[in-house]
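Q: Please take a close look at the salt bridges of this chain and at the surroundings of the helices that pack against one another. I would like a connected account rather than a list.

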Amino acid sequence: MRKLAVAFLFLLLVSTTLNAQYFGRNKVQWEQFDFKVLKTEHFDIYYYDREADVVNDVGRQAERWYTRLSRTFNHTFNRKPIVLYANSADFQQTTTTPELIGEGTGGFTDPFMNRVVLPLTGDYAENDHVLGHELVHVFQFDIAASISNSRRRFNLEMMPLWIVEGMAEYFSKGRVDPLTSMWIRDAEQHNRLPNLRQLERDPYYFPYRYGQALLAYIGGRFGDDAVVRYFLSAGMVNPEAAFDRALGVPAKQIFLDWQESAHEIYAPIVADRPAEPGSPLIGSKKGSRGNLNVGPAYSPDGKYLAFLSTRAIFDIDLFLADAQTGKVLRRLASTDRNGHFEALRFVDSAGSWSADSRKLAFITFQHGDNYLGIVDVESGKVDTLKVPGIDAITSVAWSPDGHTMVIAGQATGVSDLFLFDTESKEVRRLTNDKYADLQPAFSPDGRTIAFVSDRGAGPEANLEQLYFQGMRISTIEISSGTIKTLPLFTNAKNINPQYGPDGSIYFIANPEGIADIYRYSTDGSLKRVTRVQTGVSGITDMSPALSVAQRTGDIAFSLYENDNYNIYRLSANPPTIAVETAATPASVARAAQLPPLRGTGSTITAYMQNPAEGLLPASTVFQQTAYKPSLHIAYLGPPTVGVGVSSFGTGVGGSVSAYYSDVLGYHNIGVTFQGGGTSGVGTIADQLAGEVFYLNQRHRLNWGIDTTHLPYVTAFTSSGQAPVNLNGQTVLADVIQQTRDIQRYDDVSGVVQYPFSQTRRLEFTGGFEHQALKEETETVVIVNNQIVSDTTDQAPFNFSLSLAHASLAFVGDSSSFGFLSPVRGTRYRYEAAAYSGDLKFQTALADWRKYYFVNPVTFAVRGIYYGRYGTDAENGTLSPLYIGQDTLIHGYDINSIGLDECVSAPGSTSCPVFDRLVGSRVAVGNFEVRVPVVGNKQFGLMSGFVPTEFFAFADAGAAWSKNDSLKIRFERNNATDHIPVTSVGAGLRLLLAYIPLEFYAAKPFQRPTRNWVTGFNIVAGW
């Protein structure tokens, strides 16, 4: 009966949590969006009123991309949905995916519904790029589906990201891309351009950048139609074979030629620029890759430097450093230290100091909007505040008098400038148009603000034609509102203005294809400050990367080098070189070009340079309708089928699963069935398991209904000989007996979840469950190879149990996960449940876990209590709780306890080694030391493809009942009552093809005849 006890313990434990996530962070719908639908010829665009000023232009951009891409792919499709959010904070609340969305996600396209979901950025050019990128995915997915519907199979799900994402970047940006060329130039300089194996397996080769560059090389050498041919071939065969099939050149040769071409184009550029750009301030460990040290912010007095960094490994945090030595003093803000922060805004933002250098303002994600965080540098105290009327904030700058901030943010779908009075909390709008207004900076006298804008960015660039030729720097007088565009580079980006003490403006520009620092003086002269080999850059080509100390004039900037972002320092008034503002010849700006240097004509270049092609007139008005939910297939699990022969007989089994949702993800239905038919054992219901659920995510309070049916059939067959009476004579017969256990669990439940934040929620479940056990023994008597008797007897202890149940849980999870287990933060679940019906009892659960991270080691602590109370808490019908599972206490698995260990007291038939592991109340405590042996250079003692974690543990636990109390003492050999059990040991966890495997050796102290026990589990660390 031990297996029965364990099975029913599992059922009782899961009965209150089948419809809810035990741990996990929450996606909170802080706001309710009233979506409408804009219908263009090929798209249904879902939007709400906050986006009404730009949605028509988005429709025109989408149709222009359809014209471009349908010709490039030689493919057409019917209507597709585009779900549009007004800003990134709203986008993070989307119900179209259950995944949490970070700031680094600019949009996504799901392959089943072929649905694009993205936020507006406040910048028309960036909106256009992201939309084009995602619509490439729409074409990819639609082509794959159309091919797979025929007799052929297009294996899109196995295609590496460098093809899928690289193609989307190439088709939406083209061959001239200063950001991607910076990455490739850096890799070529350090002899680090990848081969095919590295590109597919090494996570440091970012698939967007390197995939774009390789496909741009293929397009430049063979023509852009060859990129489409390669994509189609890779889906039919494999990426390596597709090179030969589509291009006629082996993969190895393509990569060698690509590397030679990169050397040809970039080596002369690098040789012409100095290797030392300034004094290193914040760097990366030697040999490391992928480190971020970005968003430098110099304090006005030149004493401190604030910056955003991944030096804490798992998140982007805000740090403070000595601005002269670069010594990191402390962490100023992080999500794990402040539970109100869902994230820090880091991609397009940097901090801003108060004039007295005592406080730093930065931007956070909170409650579905961007908030201002203000940290007192000395005390470490952090305050947050919501700026009225502004949902999304990208940049903030403090005025010289300390009473006002200028904010670049979005009240609608476009970005504007606002003045925020820090004392009265009043907001004054400075700009109000469709132009992008970004990265503001106050002049030393506080009368003027310099900012980045796409207004007047070129003679042909205008929003009506949806053509964008770069960013310029403008100034606005606060008193009059007069805007003036500075006469800087007309064919390049000009971003990140920072005033020097004398009123000159430092900024970043890339007229030669490489982002450098320039200085625009008050007399109108323009001079170059740096001449770097890679680029003065943040994470994206629009990220802030420059800061100037307002009183001292010292300069800090982030530089991309050797696959890291490091921060350098220049003293005030560094040497400069005068430059002209005239348009730079294309031959000089070749640093922005991706290899090859001399390529074929490009379809992509042609449509990027011809914005009018496929563009509908600005006067176009699209039809608008209300949103009416209807279900679509959102996921279809691959069906499985199998045939087997066992002691049950011959059987056929399989599984099928499907998930349905409306376009916005408000209404969701999931269906799963698994099982099959086996001759002679039970009914169809005993062979078929299934679950059907409905989840409603329309509001912040999510609710759902679930029905579950779980049968569990086991059988044991034995044979022997025995005398039987046949026609009055005793003969020796062959006797075959098969004992069959059929357990069934049926549940209909409802769940309601109310999240207080991303890390805390309240959860209620209630419903009805039915459990049943039927055991039968079939006895077959055979004499002289003939069946003379075949009888089936039912076991006397068969039972049926019906219970209504309800539970209330408070759940928290602020943990950060490594490769195989949590490594930082806290998890807890406190739950009370009540059961009524054939039995009446209540349960209480407390599960608390804490993770202390001291790089690279994690110290993990866990405490669990679970108990039954009430009238029937000790009823024998209920299976006792069992603490011997390896996920609770290592070394006491039920299958490892043999009869030789059951040394009973005189006159007793009990098995103390097993009995002390069961009861109606249990408590478990665990301590683990976790070391990432194989991982990457940021988190792991060595790099490898199979993440491996070493862990050492100490486990303790106890089980007892109301009438069999716990005796607190450490005894190993002769205890017959309920005492705590303990074990110590060590093991390895491996992540093999996304499957966590655990191997361990444990010394169980309360098993006298067992020294060490080894075990294996398919489970991640707790």
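A: What follows takes the salt bridges in turn, then two helix contacts, and finally one proline in a loop.

The model is a predicted one, and a search through the whole of it finds 51 salt bridges. One of these joins the side chains of arginine 273 and glutamate 512, with a distance of 3.1 Å from N to O. Arginine 273 sits in the loop that runs between helix H11 (251–271) and strand E6 (279–282), while glutamate 512 belongs to the loop between strand E25 (505–509) and strand E26 (516–520), so the pair ties together parts that lie 239 residues apart in sequence. Both arginine 273 and glutamate 512 are buried.

Arginine 289 forms a salt bridge with aspartate 563, and here the closest N and O atoms are 3.0 Å apart. This pair, too, links distant parts of the chain, 274 residues apart: arginine 289 is in the loop between E6 and strand E7 (293–298), and aspartate 563 is in the loop between strand E30 (555–561) and strand E31 (564–570). With a relative accessible area of 12%, arginine 289 counts as buried because the cut-off for that term is under 20%, and aspartate 563 is likewise buried, at 5%.

Glutamate 901 and arginine 1007 supply a further salt bridge, in which the side chains meet at 2.7 Å, N to O. Glutamate 901 lies in the loop between strand E48 (881–882) and helix H14 (912–915), and arginine 1007 in the loop between strand E54 (995–1004) and strand E55 (1013–1017), which places the two partners of this link between distant parts of the chain 106 residues apart. Glutamate 901 is buried, with a relative accessible area of 4%, and arginine 1007 is buried with a value of 0%. Salt bridges with shared partners also join Asp272, Arg273, Glu512, Asp516, Arg528 and Arg531 into one network.

Turning to the helices, H6 (residues 178–189) packs with H11 at an angle of about 95 degrees, their axes being 9 Å apart, and that angle makes H6 roughly perpendicular to H11. On the H6 side the contact involves Ser181, Ile184, Arg185, Glu188 and Gln189, which meet Trp258, Ala262, His263, Tyr266, Ala267, Ile269 and Val270 of H11. Sorted by class, the contact of H6 with H11 has seven nonpolar, three polar and two charged residues.

Helix H9 (residues 224–236) and helix H10 (residues 239–247) have axes that come within 8 Å and cross at roughly 135 degrees, and H9 and H10 are therefore oblique to each other. The crossing of these two helices, H9 and H10, is right-handed. H9 contributes Ala226, Arg229, Tyr230, Ser233, Ala234 and Met236 to the contact, and H10 contributes Pro239, Ala242, Phe243, Arg245, Ala246 and Leu247. The residues of this contact of H9 with H10 divide into nine nonpolar, one polar and two charged.

Finally, proline 980 is placed in the loop between strand E52 (948–960) and strand E53 (981–992). Once neighbours within four places in sequence are left aside, proline 980 is in contact with Gly957, Ala958, Leu966, Lys967, Ile968, Arg969 and Gln1006. The C-alpha atoms of proline 980 and lysine 425, which are 555 residues apart along the chain, are separated by 60 Å.

Note on methods:
Residues numbered from 1 in each chain as written. Predicted model: local features only at pLDDT ≥ 70, side-chain atom pairs only at ≥ 80, totals over all residues. Heavy atoms only, no water. Salt bridge = Lys/Arg side-chain N within 4 Å of Asp/Glu carboxyl O. Helix = DSSP H or I, 4+ residues; strand = E, 2+ residues; numbered from the N terminus. Buried < 20%, exposed > 50% of the residue type's maximum accessible area, 1.4 Å probe, protein only. Axes fitted to C-alpha atoms, helices over the stretch in contact; angles between N-to-C directions. Parallel < 35°, antiparallel > 145°, perpendicular 65-115°, else oblique. Left-handed = near helix turned anticlockwise from the far one by under 90°. Contact = heavy atoms within 4.5 Å. Nonpolar A, V, L, I, M, F, W, Y, C, P; charged D, E, K, R; others polar.
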